[in-house]
Amino acid sequence: MKKMLFGLVGAYRKIRLTWLKINGKTEQDVHEQRIISGKAWDEFCDSLKTAGAALVYGNAPTDPFSQAEGYRYLARLLRTGLDAFVEHNDPQFPTLKRMVHETAKIGADNPDNYYQNAQISGDYEYRITGKRNSIYYLSFHVMNGNYGSAEGIETCSEIETHDLTMNEDGTFEIILSPKKKGQNWLKVEPETTLLMVRQTFMDRDNETPAELKLECLTGTDYPAPLTAEQIDNYLSRVSLFVTGTPIWFSRWANDFSKHPNQLPLLPHNKQKGAGADKNLVYYHSYYQLAEDECLVIETPIPECDYWNFQVNNYWMESLDYRYFKIHINKHTAKYNSDGSVTVVVAKHPVNHPNYLTTAGHDKGTMLWRWYKPNKQLTPNCSVMKIESFSSSLSE
């Protein structure tokens, strides 16, 4: 399917180039005219207006609080997109940036993760040098495609902590190239657009993220002057990202709203195009609770390298974990005597060590992750009155 799609794109490009040649023009001429006339900017601004459609898709909440967060979400995507695709979009001079962080959130971003991304291309070779330090988990993913597009992004190659060959002091080197080079290697392809790094904390307060440096090995020594074609294409990438990303995940949230207060397994085909880590098993869903209700989640814990659970808003942004306890993991959880875990979610405080707040939300999305579990377990969920649950604890 991929080959067919790229074949169609290639055929269209040839037809377009032939048409331009017949009319005595080049693609550069077209881009220059679009910039000079202001058409490129006008189309960019017009496209941003359409992004708001995601905020009323399906069962999206239309109360002022949710809609306000929705517009903030779009503004965050615009900020992220401009930074990634205009300021740092030269694959010959890549920059590892925190595209997703405390105030820029996409697709149920993991509060335990320190995300870093860089725009790269299959036309070049790269080297990552780094030192692991004390971070619990580290992974590198070469991605093909684009966020917001119909196909989304797909993993081309990946390497993680257990696969990395490191020196005694924790330093390492990874080569990114079409053909295998070195002990640590990541494959790039013609469709490659992105390097994604996930650093996962088990104990954020006491772990130090890895130190990483990314460099292009086969590019030029200095950036070339900006061209009309580049900025025209950059603006198109931003508009695709800002308009496509919220629609993609609004569809997810709409589907999740059909099974509230449960945590069913996310089918593998649903993960396709979202850049998910294949080693993770995801249980995505939706919560909807009254003022006096709590969601009680109970589950045994399988053997696994890592697990966590988080609470999001409807737009699949993790809630503000800087100030609120909205997630829990393998290290921070308090376990029952039999090794199982009980997690309690509610809008108002519940006297339980694994209580998570919805930070003012009556409804939203949620996610449980198992990382490399020895078996798949679906957490058991039930809605209770807060008073009844609290009484049961004292019995």
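In this predicted model, strands β13 and β14 (residues 355-357) run parallel to each other and are joined by three bridges. Within this pairing, valine 345 has leucine 356 of β14 as its bridge partner. On the β10 side the arrangement is antiparallel, with six bridges linking β13 to strand β10 (residues 293-299). Here valine 345 appears again, this time as the β13 partner of leucine 295. Another bridge matches isoleucine 297 with valine 343 of β13. As a general reminder, the strands of a sheet pair through backbone hydrogen bonds, in either a parallel or an antiparallel fashion.

These pairings belong to an open sheet of four strands, and a reader tracing it will meet them in the order β14-β13-β10-β16, with mixed pairing. The edges are formed by β14 and β16 (380-385), each of which pairs on one side only. From one strand to the next, the twist averages 25°.

Strand β13 deserves a further look. It covers residues 341-346, and because six of its six residues are buried, the strand is largely enclosed by the rest of the structure. In a regular strand, side chains alternate between the two faces of the sheet. Both faces of β13 are covered: one carries the buried residues Val341, Val343 and Val345, while Thr342, Val344 and Ala346 are buried on the other.

Attention now turns to the helices, beginning with α3. This helix holds 12 residues (residues 39-50), and at 1.5 Å a residue it should span 16 Å; the C-alpha atoms at its ends lie 17 Å apart, in agreement with that expectation. Its buried residues are Ala40, Phe44 and Ser47. Viewed down the axis of α3, these buried residues fall within an arc of 65°, so they line one face of the helix. The elements that cover them include α2 (27-37), α4 (64-87) and α5 (228-256).

Two of these covering helices, α2 and α5, also pack against each other, at an angle of about 70° and with their axes 8 Å apart. An angle from 65 to 115 degrees counts as roughly perpendicular, and therefore α2 is roughly perpendicular to α5. On the α2 side, the contact is made by His31, Glu32, Arg34 and Ile35. Helix α5 contributes Ala228, Glu229, Ile231, Asp232 and Asn233.

Notes. Residues numbered from 1 in each chain as written. Predicted model: local features only at pLDDT ≥ 70, side-chain atom pairs only at ≥ 80, totals over all residues. Heavy atoms only, no water. Helix = DSSP H or I, 4+ residues; strand = E, 2+ residues; numbered from the N terminus. Expected span 1.5 Å × (residues − 1). Buried < 20%, exposed > 50% of the residue type's maximum accessible area, 1.4 Å probe, protein only. Arc of directions from axis to C-beta. Contact = heavy atoms within 4.5 Å. Pairing = 2+ DSSP bridges. Axes fitted to C-alpha atoms, helices over the stretch in contact; angles between N-to-C directions. Parallel < 35°, antiparallel > 145°, perpendicular 65-115°, else oblique.
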